[in-house]
Amino acid sequence: MNDATLLAKAQEELNLGQAANSQAFEEILRRYERLIYHVSRRYFQNAEDAMDASQEAAIKIYNGLTRVTIKEDGSLKAWICTITARVCLDVLRKRRPQTVELTELTPVAPLPSAENSAEGNERVKEILMAINKLPDDHRMVIILRDMQGLSYDEIAETLKITVGTVKSRISRARAGLKKMMFD
């Protein structure tokens, strides 16, 4: 079942007062629970904090299901990333003087060979530390584009900004990373 059909079924169940038994919502969560956790994990060093944010995001997703619309062949991925990222940012704003750091525990693409693992692990740590130093708006576009693989259009929709702004922020974020890494 595609996302549009699943969403329509979930909306129908919720509108009929079957919230407690919404099998469609359960299917949406099963389909996207890893994505929700991975996005949350990018914002929180502590796995428990990421899990808490994931659960809060699931509640917000549930509450927003009746208001969301997607194209017939569309995906819920961008909307779910939006909700999750906003929940994480809200939690972080409430905590402010703390900084958010990605750690070596954050999933990244596997290294090509075992020989390079020690050198590669150090490089990964350097990159994650540099990402942590980026401003929030730059960090978010890097996470959504380079770590979650969202398209420019999906990022624009997620952050409620134009595609041009997305491209500009990604360019500035990458330039900032390059400067931090090679200067």
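# Arg31, its partners and the empty spaces

Trainee: Why does Arg31 count as partly exposed?

Mentor: The relative accessibility of Arg31 is 33%. Partly exposed covers what lies between buried, under 20%, and exposed, over 50%, so Arg31 counts as partly exposed. Keep in mind that the model is predicted.

Trainee: Why does Asp3 count as buried?

Mentor: Asp3 has a relative accessibility of 6%. The cut-off for buried is under 20%, so Asp3 counts as buried.

Trainee: What makes the contact of Arg31 with Asp3 a salt bridge?

Mentor: The closest N and O atoms of Arg31 and Asp3 are 2.7 Å apart. The limit is 4 Å, so the contact counts as a salt bridge.

Trainee: Which parts does that pair tie together?

Mentor: Arg31 belongs to helix H2 (residues 23-43) and Asp3 to helix H1 (residues 3-15), so the pair links parts 28 residues apart in sequence.

Trainee: How do you know that Glu27 and Arg30 form a salt bridge?

Mentor: Their N to O distance is 3.4 Å, and the limit is 4 Å. Both residues lie in helix H2, three residues apart, about one turn of the helix.

Trainee: What are the distance and the setting of the salt bridge between Asp146 and Arg174?

Mentor: The closest N and O atoms of Asp146 and Arg174 are 2.6 Å apart. Asp146 lies in helix H6 and Arg174 in helix H8 (residues 163-182), so parts 28 residues apart in sequence are tied together. Asp146, at 42% relative accessibility, counts as partly exposed, and so does Arg174, at 36%.

Trainee: Which residues are joined into one network by salt bridges that share partners?

Mentor: That network holds Asp3, Glu27, Arg30 and Arg31. The whole structure has six salt bridges.

Trainee: What makes the empty space lined by Tyr43 and Met140 a cavity?

Mentor: A 1.4 Å probe fits in a cavity but cannot get out. The largest cavity has a volume of about 30 Å³, and Leu89, Leu92, Asp136 and Arg139 are also among its lining residues. Helix H6 gives the most to this lining, three residues.

Trainee: How do you know that two residues of the cavity lining are charged?

Mentor: Asp and Arg count as charged, and the lining includes Asp136 and Arg139. The other classes give four nonpolar residues and no polar ones.

Trainee: How many residues of each class line the largest pocket?

Mentor: The pocket lining has six nonpolar, five polar and eight charged residues. Helix H4 gives the most to this lining, with seven residues.

Terms used:
Residues are numbered from 1 along each chain as its sequence is written. This is a predicted model: local features need pLDDT of at least 70, side-chain atom pairs count only at pLDDT 80 or more; totals for chains, interfaces and linings use all residues. Side-chain values use heavy atoms; hydrogens and water are left out. On a 1 Å grid over the protein atoms alone, a cavity is a set of points where a 1.4 Å probe fits but cannot get out, and a pocket is an open set with protein on both sides within 12 Å along at least five of seven lines; lining residues have an atom within 4 Å of a point. Grid points are joined across faces, edges and corners, and a volume is the space filled by probe spheres set on the points. Helices (H or I, at least four residues) and strands (E, at least two) are DSSP runs, numbered from the N terminus. A salt bridge is a side-chain nitrogen of Lys or Arg within 4 Å of a carboxyl oxygen of Asp or Glu. Buried means under 20% relative accessible area, exposed over 50%, partly exposed in between (1.4 Å probe, protein chains only).
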